[in-house]
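Me: Could you take me through the nonpolar core of this protein, slowly and in one piece? I'd like to see how the interior is put together before I look at anything else.

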Amino acid sequence: MLDGPFTTRQLLRIDEALRIADESTGLVFTVYVGPLTEPVREHAQRLLLELADPARAVLVALSPNQRVLEIVTGAEARKRIPDRDAKLAALSMVAAFGGGDLTGGIVSGLDQLATRAGRSA
């Protein structure tokens with residue numbers, strides 16, 4: 001039995017979006033859904049540093065209960081996804097979340113971030 005906000009089908013959609021984003025960009029996309037301690041941005045940055053390749057990582061950290069979202073990029077990823085583009089992706093994600101579509105918002109946001117990052121060199 002799943003313990004979380006997603007069904008198996010929703011998890012598969014998110015997993016597929018992550019796979020496509022990784023393969024198309026050469027970056028490493030990760031989604032964290034759970035509680036974030038204050039200050040939220042610093043917590044998301046600590047999570048990013050725990051990843052296997054933080055320089056090439058893009059972390060979408062989401063806490064639905066706290067109604068917070070952070071998109072954090074490593075040094076290499078940031079060269080391809082400027083903060084402005086990450087903020088635009090976050091805005092569209094928040095709009096989907098507001099409409100009750102957590103999965104769709106995540107999938108759409110990953111697609112926007114991957115599109116902005118472009119193909120790996």
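Reply: Happy to; here is the overall fold, then the core, then a few spots in the loops.

Please keep in mind that this is a predicted model. The protein chain has five helices and three strands, and they come in the order α-β-α-β-β-α-α-α along the sequence. The radius of gyration is 13 Å, close to the 14 Å that the globule rule gives for 121 residues, so the chain is as compact as a globular protein of that length. Along its principal axes, the C-alpha trace spans about 40 × 30 × 25 Å.

Now to the interior. Of the 121 residues, 40% count as buried. The largest nonpolar core has 26 residues, and those touching the most other members are Phe-29, Val-58, Ile-71, Ile-81, Ile-106 and Leu-113. Two or more residues of this core come from each of helix H1 (8–25), strands S2 and S3, helix H4 (83–98) and helix H5 (102–117). H5 gives the most, with seven residues.

Ile-81 is a good place to zoom in. Setting aside neighbours within four places in sequence, Ile-81 is in contact with Leu-27, Phe-29, Val-58, Thr-73, Ala-86, Leu-113 and Ala-117. Among these partners, Phe-29, Val-58 and Leu-113 are also on the list of core residues that touch the most other members. A second, separate core of nine residues includes Val-40, Ala-44, Ala-57 and Val-72.

The contacts of the whole chain are worth a glance here too: of those with a separation of 6 or more, 60% are between residues 24 or more positions apart.

As for the outside, the chain exposes about 7000 Å², with carbon and sulfur atoms supplying 54% of it. The mean positions of the 14 positive and 15 negative charges are 5 Å apart.

Two backbone details may interest you as well. Most residues other than glycine have a negative phi, and most peptide bonds are trans. Against that background, Glu-38 and Pro-39 are joined by a cis peptide bond, with omega about -10°. Pro-39 sits in the loop between strand S1 (28–33) and helix H2 (40–49). The other detail is Arg-67, a residue other than glycine with a positive phi, near 60°. Arg-67 belongs to the loop between strand S2 (57–63) and strand S3 (68–73), and it is exposed, with a relative accessible area of 75%. The two strands on either side of that loop, S2 and S3, are among the elements that give two or more residues to the largest core.

Note on methods. Residues numbered from 1 in each chain as written. Predicted model: local features only at pLDDT ≥ 70, side-chain atom pairs only at ≥ 80, totals over all residues. Heavy atoms only, no water. Helix = DSSP H or I, 4+ residues; strand = E, 2+ residues; numbered from the N terminus. Rg over C-alpha atoms; globule rule 2.2 N^0.38 Å. Buried < 20%, exposed > 50% of the residue type's maximum accessible area, 1.4 Å probe, protein only. Contact = heavy atoms within 4.5 Å. Areas by Shrake-Rupley, 256 points an atom, 1.4 Å probe, with all protein chains shown as cover. Lys, Arg positive; Asp, Glu negative; His and termini not counted. Charge placed at Lys NZ, Arg CZ, Asp CG, Glu CD. Core = buried A, V, L, I, M, F, W, Y, C linked by side-chain atoms within 4.5 Å.
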